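Thanks for asking me to look this one over. Here are my notes, in the order in which I would walk through the structure with you.

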Amino acid sequence: MSQLASAAAFPAEAAGWRSEVEISAHRLFEKHREVLTALGFEERDLLRQVLLHAPRLDPKKGDFQKRLTRDASRVLGRMLATERTIETPPLTTDCCELALDDLDLQPVDKRTTMHILSTRHYLRHPRDFCQSFGLYPRHVGSCGQPPLALFTISKFDLHHVIPLLPDGVKSNDVRVLSRVYAWPQCPRNAISFGLSTINGRLLAERNPVQMLLSYINPNLGFTGASLRASNWFLLCREERRHYLYLDEWYITDRECQSRFGTSDWALLRALLGNRISRSVVPLAPLDIYAYCLDSGSRRRTSGRAPLVSGIAGK
């Protein structure tokens with residue numbers, strides 16, 4: 001069974017719920033393993049989608065197991081349906097055998113970026129971005145193919161984090177690593193390699209960014225290992241009170257703000273009625289990691305990781 005993160009990263013009161021979700025996702029993946037593997041899906045892809053949607057199901061209700069099984073199948077159905085709209089990934093060679101020196105970082109056009117983020121990224125909600133980079137096999141180049149790994153950089157809008165920025169770093173000197181996606185066939189350590197290459201690219205710009213921030217969600221099994229391998233550090237943790245669901249599908253707070261003018265639960269409920277729902281299972285705080293491109297800012301950062309309140313606008 002796929003194990004994505006240590007139990008310590010998840011609230012103790014939800015540990016039993018988490019175990020049931022993992023078992024349900026594992027059984028479903030095994031049932032459809034041949035089809036899913038042929039399409040390039042890994043068990044963790046299904047598990048993350050189920051972990052994202054199952055928190056709206058109350059584990060205290062007697063029909064929880066039945067509802068969980070049904071919801072996992074619903075999630076799988078969407079994954080398979082979405083697959084029909086996805087461009088063929090670059091699998092002409094065994095990409096896992098590529099060395100990191102065989103990879104080249106290139107800009108990715110908006111259409112390709114939005115397509116990957118809306119169909120393959122686990123959130124399915126692209127963010128506005130100012131730059132998009134992709135890793136491609138050096139001997140092939142982009143050639144109209146999607147990148148092996150995708151990284152988007154967005155403007156900084158995490159106002160509740162401003163007091164934690166190092167002295168001398170202003171909010172307009174900060175950017176957010178807002179989305180990362182890698183195909184399962186991506187070479188090992190490609191994410192860390194891509195992040196390091198992006199840091200060098202940003203430093204070379206005429207008006208270099210001084211600091212990058214990025215969210216890591218331990219509720220979905222993300223550990224931040226690739227970031228730490230690229231010398232990122234944990235800046236703070238952000239309380240995550242609930243997930244929001246529109247018509248039973250996960251929706252980001254930022255998307256709610258954009259579409260309905262608010263991400264406040266009471267206002268959304270008054271506006272949308274039963275179309276909007278929220279999670280009932282306790283959630284662990286989100287981790288906000290940082291990387292100081294400027295060596296002076298790096299020295300002035302204490303490395304503390306306080307808990308902050310704010311809207312998780314992923």
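1. Start with serine 279 in this predicted model. Leaving aside residues up to four places away in sequence, serine 279 touches Pro55, Arg56, Arg241, His242, Tyr243 and Tyr245. One of these neighbours, tyrosine 243, also has its backbone nitrogen 2.8 Å from a polar atom of the serine 279 side chain.

2. Is serine 279 buried or exposed? Its relative accessibility is 8%, and because the limit for buried is under 20%, serine 279 counts as buried. Along the chain, serine 279 belongs to the loop that links β9 (276–278) with β10 (286–292).

3. β9 brings us to a small group of strands worth a look on your screen. Three strands make up an open, antiparallel sheet, in the order β8-β7-β9. β8 (249–251) and β9 are the edge strands with a single partner each, so each has one side without a neighbour in the sheet. From one strand to the next, the twist averages 45°.

4. Within that sheet, β7 (residues 244–246) and β8 run antiparallel and are joined by three bridges. Tyrosine 245, one of the residues that serine 279 touches, has tyrosine 250 of β8 as its bridge partner. Helix α8 (residues 253–260) packs on the sheet and touches β7 and β8, with its direction at about 80° to that of β8.

5. Next, another set of paired strands. β2 (residues 131–137) runs antiparallel to β3, with five bridges between them; glycine 134 and leucine 150 of β3 are bridge partners. On to β4: β3 and β4 are also antiparallel, paired over seven bridges, and threonine 152 has arginine 179 in β4 as its bridge partner.

6. Why is β3 described as largely enclosed by the rest of the structure? Strand β3 (residues 149–155) has seven residues and six of them are buried, so the surrounding structure largely encloses it.

7. Finally, the largest pocket, which holds about 1,100 Å³ of space. It is lined by 41 residues, and those closest to its centre are Arg44, Arg48, Ile191, Phe222 and Ser226. At least two lining residues come from each of α3 (43–53), β4 (174–182), α6 (190–203), β5 (211–216) and α7 (225–229). Which of these gives the most to the lining? β4 does, with six residues, and β4 is also the strand that pairs with β3.

Methods
Residues numbered from 1 in each chain as written. Predicted model: local features only at pLDDT ≥ 70, side-chain atom pairs only at ≥ 80, totals over all residues. Heavy atoms only, no water. Helix = DSSP H or I, 4+ residues; strand = E, 2+ residues; numbered from the N terminus. Buried < 20%, exposed > 50% of the residue type's maximum accessible area, 1.4 Å probe, protein only. Polar contact = N/O pair within 3.5 Å; in protein donor to acceptor, adjacent residues only side chain to side chain. Contact = heavy atoms within 4.5 Å. Pairing = 2+ DSSP bridges. Axes fitted to C-alpha atoms, helices over the stretch in contact; angles between N-to-C directions. 1 Å grid on protein atoms, 1.4 Å probe; cavity = no way out; pocket = protein on both sides within 12 Å on 5 of 7 lines; lining within 4 Å. Points joined across faces, edges and corners; volume = space filled by probe spheres on them.
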